[in-house]
There are 2 protein chains.
Amino acid sequence: MSPSDVIAELASLLVSGGIKVVDLTRTLEPETPVLQLPPEMGWGESWPFSMEEISKYDDRGPAWYWNNIKCGEHTGTHFDAPIHWVTGKDHENHATDTLPADRFVAPAFVIDAVAEAAADPDFLMSVDFIKAWEKTHGEITPGAWVLYRTDWSKKTDNADYLNIREDGGHTPGWAPATVEFLARERNVIGVGVETVGTDAGIAPTQDPMFPCHNLMHGANKCGLASLCNLDQLPPTGALLIAPPLKIKNGSGSPARVLALVPARKY
Amino acid sequence: MSPSDVIAELASLLVSGGIKVVDLTRTLEPETPVLQLPPEMGWGESWPFSMEEISKYDDRGPAWYWNNIKCGEHTGTHFDAPIHWVTGKDHENHATDTLPADRFVAPAFVIDAVAEAAADPDFLMSVDFIKAWEKTHGEITPGAWVLYRTDWSKKTDNADYLNIREDGGHTPGWAPATVEFLARERNVIGVGVETVGTDAGIAPTQDPMFPCHNLMHGANKCGLASLCNLDQLPPTGALLIAPPLKIKNGSGSPARVLALVPARKY
Ligand SMILES: [Mn+2]
Ligand SMILES: [Mn+2]
């Protein structure tokens, strides 16, 4: 089939319902959970989402309703660009406005660690875990996104979702070697997670600190955080659509993340 | 070909370069032009884009760079949802968070009116103009986006781009009957334009006022404004990706708009 025919066939299957669009995005609202940094460090804080009504079919605009909005680049379901981390700062085309657009549409490999994350909120995915997954589903191909399914997004209470105790956060993440493996040996575009950030809750105590940010962005790779509905994706065969806003020199951006999947049960 | 095979083939063509991703999005920055409303009306104003640096690998965040952002829902390249207009206010699933996700990935029909817009900045596309286009390129199929190519986005000076004179704005748009035709007889998802809003500069003087907003949203259809790079799309055969942020009850949203096209010259 020619490229034109493939696009036409995809379009036709979208209209007929043979391919469906799965929304992997949380709703952006003031209650949307955001990363909590330890206040005693004096670090700058990212805004939660907020909106101000400009008009709603009233004397501020008789026929129209619209809002102004505020948030952090890393609020809600969002994209992390390599420039976000100091290890990625010297790459070329490493910000939301300069990343090549083909990074935003690519295959997704969805690795299920639901049982492990339920048993241990500090679960760190290992290289062996991925290799065992590949034995069943096939090797992760270059230029793909790896999505880390934990069902963590099903925690509707923000305190449970962020899971911060006196000694810090407790949410699943990555062993540093796993990040290196995915970036270097599988040449992924990036990784996506259901938790509030791409790293584990205990990432400040890992070596290196925040290994997913440090090593993934160091390799000029990207991230996606606060995804949901990963349980609606097949392990392989979904096409991920994850376009950040084209913010000039942006470190990331809230994003509407979608996936195209066969409508039939896989 | 099965839906799975079509997705796999598309993914493979994206990796091999047989299909490319065209970015139809303007960069979001403080200079990004925004809709100017007549100040004497007392209508509420939409914010331009702005950002505040939270940290840049410094004592506000030693290893990371990130920003907080502010803008209007209708700032820069953006999506208009039916709830944006009073005529669309009573539809179901008419806001950025409730629109069905399949509206965000659909075929694009690109109608070239570059010569007409250059000759007359007040050019209004007629039904006959579209029917003549269809004679050459085929009928616009249901469930598609219609994109209005004017090369207006090539005006790099904001004053030229907005083209506001003492008597108001002068940028191309639609005759009211054309909007009705596309919404009712071609059952489009919506229309996209290169100008700052989906309506002509002279829309306040049309009957009805702002016909594209009034009639398109009245028919529960959507809009896209401030697109660019439409000259890189074939008249038919592109797949448009136009996902708004999932703002709760949002009237629209800045969006990263992309298109998948065959890499070979059409
Ligand atoms: Mn982030
Ligand atoms: Mn608008």
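This note goes through the contact between the two chains and then through selected residues and salt bridges of chain B.

1. Basis of the note. This is a predicted model, in which local features need pLDDT of at least 70 and side-chain atom pairs count only at pLDDT 80 or more, while totals for chains, interfaces and linings use all residues. Residues are numbered from 1 along each chain as its sequence is written, chains are lettered from A and ligands numbered from 1 in the order in which they are written, and side-chain values use heavy atoms, with hydrogens and water left out.

2. Extent of the interface. Chain A and chain B each bring 81 residues to the contact, where contact means heavy atoms within 4.5 Å. The two chains bury about 7300 Å² between them, with 71% of it on carbon and sulfur atoms; buried area is the accessible area (1.4 Å probe) that two parts lose on being put together, summed over both. On the chain B side, Trp66(B), Lys246(B) and Arg256(B) lose the most area to chain A, and together they make up 11% of what that side buries.

3. Polar links across the interface. There are 34 residue pairs in polar contact between chain B and chain A, both residues being at pLDDT 80 or more; a polar contact is a pair of N or O atoms within 3.5 Å, where within protein one must be able to donate a hydrogen and the other to accept it, and residues adjacent in sequence count only if both atoms are side-chain atoms. The side of chain B that touches chain A divides into 47 nonpolar, 17 polar and 17 charged residues, with Ala, Val, Leu, Ile, Met, Phe, Trp, Tyr, Cys and Pro counted as nonpolar, Asp, Glu, Lys and Arg as charged, and the others, Gly among them, as polar. The count of salt bridges between the chains is 4, a salt bridge being a side-chain nitrogen of Lys or Arg within 4 Å of a carboxyl oxygen of Asp or Glu. Lys246(A) forms a salt bridge with Asp23(B), and the closest N and O atoms are 3.1 Å apart.

4. Strand pairing between chains. Strand β3 (residues 61-72) of chain A pairs with β3(B) in the antiparallel sense over 5 bridges, where strands (E, at least two residues) and helices (H or I, at least four) are DSSP runs numbered from the N terminus, and two strands pair if DSSP finds at least two bridges between them. In this pairing Lys70(A) stands opposite Lys70(B).

5. Two loop residues. Thr195(B), in the loop between β11 (190-193) and α6 (211-218) of chain B, is buried at a relative accessible area of 4%; buried means under 20% relative accessible area, exposed over 50%, and partly exposed in between (1.4 Å probe, protein chains only). Its side chain reaches the backbone oxygen of Gly197(B) at 3.1 Å. Gly42(B), by contrast, is exposed at 53%, and, leaving aside its neighbours within four places in sequence, Gly42(B) is in contact with Asp59(A) and Arg60(A).

6. Salt bridges within chain B. Glu134(B) and Arg186(B) meet in a salt bridge (2.7 Å, N to O); Glu134(B) lies in helix α3 (residues 127-137) and Arg186(B) in the loop between α5 (176-185) and β11, so the pair ties together parts that are 52 residues apart in sequence. Both Glu134(B) and Arg186(B) are buried. Lys154(B) and Asp231(B) also meet in a salt bridge (2.8 Å, N to O), although here Lys154(B) is partly exposed at 48% relative accessibility and Asp231(B) is partly exposed at 28%.
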